[in-house]
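Welcome aboard, and please have your viewer and selection box ready. We will go from stop to stop, selecting a few residues at a time and saying what is there.

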Amino acid sequence: MLVNAALMGLGSVNRNLLTILGRKAEVLQRDHGIGFRIVLVADSRGVAVDPAGFDPAGIVARKAAGGSTADLAGYRGAVPVESLLAGIDLVFEASPVDLRTGGPGLALTRAALGQGISVVLANKGPVVLAFRELHETAVRTGAGLKYSATVCGGLPVLNIGRRDMIAGEILQLRGVFNATTNFILDEMAAGAAYGDALAEAQRRGIAEADPSLDVDGWDTANKLLIIANSLLGADLALADIAVTGIDGVTPERIAAEAARGNVIRLVASAEAGRYAVAPVALPAADFLAQCRGWEMAVEMHTDIYGISSHKLWEREPTPTAASMLRDAVHIFTSAERG
């Protein structure tokens, strides 16, 4: 099977995806009977189309050299991608996240699903803002919609809950979903003030110039929303989640908890219809307390599968890109679409 794919965004995730597609082409054909031909590429400069397919390694090399889609054969200019979807089977959507309007990513996802074209998301904006709408559209048109990369990158949280806990019920869920806050809290535990720890995270490239999405708890809340709506039968909006960030955590509080044998982590929790994100003091032996630095983790308490705990260390975007590939293979090699 040969899948004609469009690539929305040429940031680090989709560049890593291109590298994986080139490196794993033989494995994908041998083990899954599938190949992916990239026939459309879009970035901030515009859109390029080649029905014969672009060379993945060539796109990565050109981007690394400072190029863009404007340098590719078949460049069409800054036209809406939605107008060029004829002949496309799949959209890999990893454009910048816009949690206010959804941006181009939401517009493209709506258009593609509406035409029966499958979509794999690394961009969490569309499913945060239009979860039910997009799923209803996918069901109506028969398109595949998957987004495991939007939650903790390579950690298969959604797959574990949806594919591997058949007939099970998740009674309680806890998670540490944000590495930036892990770093800041660990720096403060070593004696740094909050502002100094944040500045160090920014200097190292761990935190953005505007770190509010991470430190105010909203990145974690977005991931909790996606998990709850996907696995727990919820129908949440962000307003349904009680969110407290880490800016109110002081070195004094961290030291006091450490004296009691506790560690503070920014924890997402879901239990009995209550959803929250907040700094929580955890016993040092707790699974989530041991989630440090670039690690992310989730713990699921279930009725028939026991307590399932999973952790991932992800410093670079390769595992997130691999999750997009995993989703795409699942769409086209099984009956499961949404």
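Which helix and strands each supply at least two residues of the lining of the second largest pocket? Select strand S2 (35-43), strand S3 (46-49) and helix H4 (103-114), and you have them on screen. Please keep in mind along the way that this is a predicted model.

**Stop 1: the second largest pocket**

With those elements highlighted, add Met8, Ala42, Asp43, Ser44 and Ser95; of the 20 lining residues, these are the closest to the centre of the pocket. The space here comes to about 320 Å³. H4 gives the most to this lining, with three residues. If you colour the lining by class, you should find 12 nonpolar, five polar and three charged residues.

**Stop 2: the largest pocket**

Next, select Val13, Lys124, Glu208, Asp219 and Lys223. These lie nearest the centre of the largest pocket, which has 37 lining residues. Its volume is about 1,200 Å³. Four helices each supply at least two residues of the lining: H1 (12-23), H8 (179-189), H10 (212-215) and H11 (218-231). Colouring by class gives 15 nonpolar, 12 polar and 10 charged residues in the lining of the largest pocket.

**Stop 3: helix H8 and the loop after it**

Keep H8 from the last stop and hide the rest for a moment. How many of the residues of H8 are buried? Eight of its 11 residues are, so the helix is mostly covered. To see them, select Ala179, Thr180, Thr181, Asn182, Phe183, Ile184, Leu185 and Met188. Now bring the neighbours back: the buried residues of H8 pack against strand S8 (170-176), helix H9 (194-203), H10, helix H12 (251-259), strand S10 (262-271) and strand S12 (295-302).

Then step along to glycine 191, in the loop between H8 and H9. Is glycine 191 buried or exposed? Its relative accessible area is 57%, and because over 50% counts as exposed, glycine 191 is exposed. For a distance to try in the viewer, pick the C-alpha atoms of glycine 191 and alanine 179: they are 12 residues apart along the chain and separated by 19 Å.

**Stop 4: the nonpolar cores**

Select Leu40, Leu85, Val91, Leu173, Ile184 and Met300. These are the residues with the most contacts inside the largest nonpolar core, which has 74 residues. H11 contributes the largest share of this core, seven residues. Apart from this core lies another, of 31 residues, with Ala5, Phe54, Ala321 and Ala328 among them.

Zoom in on leucine 40 and show what surrounds it. Leaving out residues up to four places away in sequence, leucine 40 touches Ala5, Ala6, Leu7, Val47, Ala48, Val49, Phe54, Val81, Leu84 and Ile88.

**Stop 5: the cysteines**

How many disulfides does a search of the whole structure find? Zero. Select cysteine 152 and cysteine 291 to look at one pair: for cysteine 152, the nearest cysteine sulfur is that of cysteine 291, 8.6 Å away. Because a disulfide needs the two sulfur atoms within 2.5 Å, this pair does not make one. Cysteine 291 is likewise in no disulfide, with the sulfur of cysteine 152 as its nearest. Cysteine 152 is buried, at a relative accessible area of 1%, and cysteine 291 is buried too, at 0%.

**Stop 6: two positive phi angles**

Stay with cysteine 152, which is found in the loop between strand S7 (145-146) and helix H7 (157-163). Its phi is near 60°, a positive value in a residue other than glycine. Most residues other than glycine have a negative phi. Now jump to alanine 272, in the loop between S10 and strand S11 (274-283). Alanine 272 has a positive phi as well, near 50°. Cysteine 152 is buried, whereas alanine 272 is exposed, with a relative accessible area of 61%.

**Last stop: a cavity**

The structure holds two cavities of 30 Å³ or more. To frame the second largest, select Leu10, Ile59, Arg62, Lys63, Gly67, Ser68, Thr69 and Leu72, which line it. The volume of this cavity is about 30 Å³. Its lining residues divide into three nonpolar, three polar and two charged.

Methods
Residues are numbered from 1 along each chain as its sequence is written. This is a predicted model: local features need pLDDT of at least 70, side-chain atom pairs count only at pLDDT 80 or more; totals for chains, interfaces and linings use all residues. Side-chain values use heavy atoms; hydrogens and water are left out. Buried means under 20% relative accessible area, exposed over 50%, partly exposed in between (1.4 Å probe, protein chains only). On a 1 Å grid over the protein atoms alone, a cavity is a set of points where a 1.4 Å probe fits but cannot get out, and a pocket is an open set with protein on both sides within 12 Å along at least five of seven lines; lining residues have an atom within 4 Å of a point. Grid points are joined across faces, edges and corners, and a volume is the space filled by probe spheres set on the points. Ala, Val, Leu, Ile, Met, Phe, Trp, Tyr, Cys and Pro count as nonpolar, Asp, Glu, Lys and Arg as charged, and the others, Gly among them, as polar. A nonpolar core is a set of buried Ala, Val, Leu, Ile, Met, Phe, Trp, Tyr and Cys residues joined through side-chain atoms within 4.5 Å. Contact means heavy atoms within 4.5 Å.
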